[in-house]
Amino acid sequence: MSSDLSVKDLDFPLSIAPMMKLTDRHFRYFMRLITRYTVLYSEMITTFALLRGNRDKLLAFDPVELPLVLQLGGSDAQSLALCARMAQEYGFSAVNLNAGCPSPKVQKGEFGIKLMKNPDFAAELYNTIKNAVTIPVSVKHRLGIENKVDYEQLYRFIERLAAAGCCHFIIHARIADLNTLDAKQNRKIPPLRHTDVYHLKKTFPGLIFELNGGVTTLKEAREHLCKTDKVMIGRAAYADPYLFANADSFFKPGNGLPPTRRQVIERIIPYLQKQEAEGINPLSMLRHLMGLFRYTSCARAWRRYLSESVKSNKPVDKILEHAQKGLPSEILDDRARLSLS
Ligand SMILES: Cc1cc2nc3c(=O)[nH]c(=O)nc-3n(C[C@H](O)[C@H](O)[C@H](O)COP(=O)(O)O)c2cc1C
């Protein structure tokens, strides 16, 4: 793979959201074969896991994944600072503080969304992290935590963090209703309020706002970019990874042709073989490829071939060869079109 894939450029306006159990290093490597500039995020890693667990397993990544941001979850300033320093040492491009996760476990640990309740405390944590590293530190949060947006509280949160040195806010543009909805419902039920993010940008023009939530096409992303600085896409990236095939040429013109799906498959084989040789279970990697043919006529066939082949205990290269065999070359060799719809 060419060395220019290890770009460290964080300026690209598009990113793929941190998602637990989804955005692991194998998924990120796969996405990097589709888009070389989109900023990638790790799953949230807690300070508890990092300080007590297998650091290498949690932090190791392939340099082609860069630009890559480590998302941290935690509420102890010194632990967060230590973990941010580790991220820097391992070569991450930036660190992100999770201030939006509404899961009960996270709330119990007094971090994630709980940080929005206490802007002064969040700012103190931010400040400690910021002082521990030289790489950028951003914050990902929601619009609020009650059943309607409390603008005073939201603006206070932004102001306190900005005063502590934060200039990049990633906003999942919904509230999280902590009283009546669980974590999964909180990703779907509270209505999206993209215009609130646009207002924040107007109110604080010197800060960077990254809009997140419900974006499913590059065309939509481009529309949001007229009123915000950046856009982050989560579930649609996992469900339809090839959506990103045009991202480079669209947001950084002059980037040549997007890869075909066949090229993506061919290029991931050596990586998967290497990982398999190191003992990684093929299923844990191949599951990330399931959406590669989404919205084509062979989406189901691909998924079926992949899952059946995995059960056969064949090596990954044979699994992918087998899975490809049943697919028409018009689709395998088709390139994403710049229709952006
Ligand atoms: C399975 C799953 C896991 C997630 N894990 C995280 C996480 O670790 N950290 C985080 O900040 N957000 C997490 N999120 C939220 C996403 O980052 C994103 O904010 C949310 O899905 C809204 O964006 P979307 O509509 O583009 O998916 C997760 C979402 C999903 C679906």
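**An eight-stranded barrel and its helix packing**

Eight strands close up into a barrel here, following the order S1-S2-S3-S4-S5-S6-S7-S8 with parallel pairing. Going from one strand of the sheet to its neighbour, the average turn is 30°, with direction ignored. The S5–S6 pair gives a closer look: S5 (residues 137–144) and S6 (residues 168–175) run parallel and are joined by five bridges. Within this pair, valine 139 sits opposite phenylalanine 169 of S6.

The model is a predicted one, and its mean pLDDT comes out at 92, with 96% of the residues reaching 70 or more. Residues 1–7 are another matter, with pLDDT below 50; leaving aside near neighbours in sequence, that stretch has 15 contacts in the model.

On to the helices, starting with H1. Helix H1 (residues 25–34) lies across three strands, namely S1 (14–16), S2 (39–46) and S3 (68–73), and runs at about 175° to S2. H1 also packs with H13, at an angle of about 155° and with 9 Å between the axes. Angles over 145 degrees count as roughly antiparallel, so that is how H1 and H13 lie to each other. Their crossing is right-handed. On the H1 side, the residues involved are Arg25, His26, Tyr29, Phe30, Leu33 and Ile34, and these meet Val264, Arg267, Ile268, Tyr271 and Gln275 of H13. Sorted by class, the H1–H13 contact comprises seven nonpolar residues, two polar and two charged.

H13 (residues 261–277) has a second partner in H16 (residues 316–325), where the packing angle is again about 155° and the axes are 8 Å apart. H13 and H16 are therefore roughly antiparallel as well, and they too cross in a right-handed sense. H13 brings Arg262, Ile265, Ile268, Ile269, Leu272, Gln273 and Glu276 to this contact, while H16 supplies Val316, Asp317, Leu320 and Gln324. The tally for the H13–H16 contact is six nonpolar, two polar and three charged residues. Ile268 of H13 turns up in both places, in the contact with H1 and in the one with H16.

The pairing of H8 with H9 has another geometry. H8 (residues 151–163) packs with H9 (residues 194–203) at about 50°, and their axes lie 12 Å apart. The two helices are therefore oblique to each other, with a right-handed crossing. Tyr151, Leu154, Tyr155 and Ile158 make the contact from H8, and Asp196, His199, Leu200 and Thr203 make it from H9. Five of the residues in the H8–H9 contact are nonpolar, two are polar and one is charged.

Finally, a couple of backbone details in the loops are worth a look. The peptide bond running from leucine 66 to proline 67 is cis, and its omega is near -5°. Proline 67 belongs to the loop that links helix H3 (55–59) with S3, and S3 is one of the strands that H1 lies across. The other detail concerns glutamate 110, whose phi is positive, about 60°, even though this residue is not a glycine. Glutamate 110 is part of the loop between helix H5 (104–108) and helix H6 (114–117).

Methods
Residues are numbered from 1 along each chain as its sequence is written. This is a predicted model: local features need pLDDT of at least 70, side-chain atom pairs count only at pLDDT 80 or more; totals for chains, interfaces and linings use all residues. Side-chain values use heavy atoms; hydrogens and water are left out. Axes are lines fitted to C-alpha atoms, for helices over the stretch in contact, and angles run from 0 to 180 degrees between N-to-C directions. Helices (H or I, at least four residues) and strands (E, at least two) are DSSP runs, numbered from the N terminus. Angles under 35 degrees count as roughly parallel, over 145 as roughly antiparallel, 65 to 115 as roughly perpendicular and the rest as oblique. A crossing is left-handed if the near helix is turned anticlockwise from the far one by less than a right angle, and right-handed if clockwise. Contact means heavy atoms within 4.5 Å. Ala, Val, Leu, Ile, Met, Phe, Trp, Tyr, Cys and Pro count as nonpolar, Asp, Glu, Lys and Arg as charged, and the others, Gly among them, as polar. pLDDT is the predictor's confidence in each residue, from 0 to 100. Two strands pair if DSSP finds at least two bridges between them.
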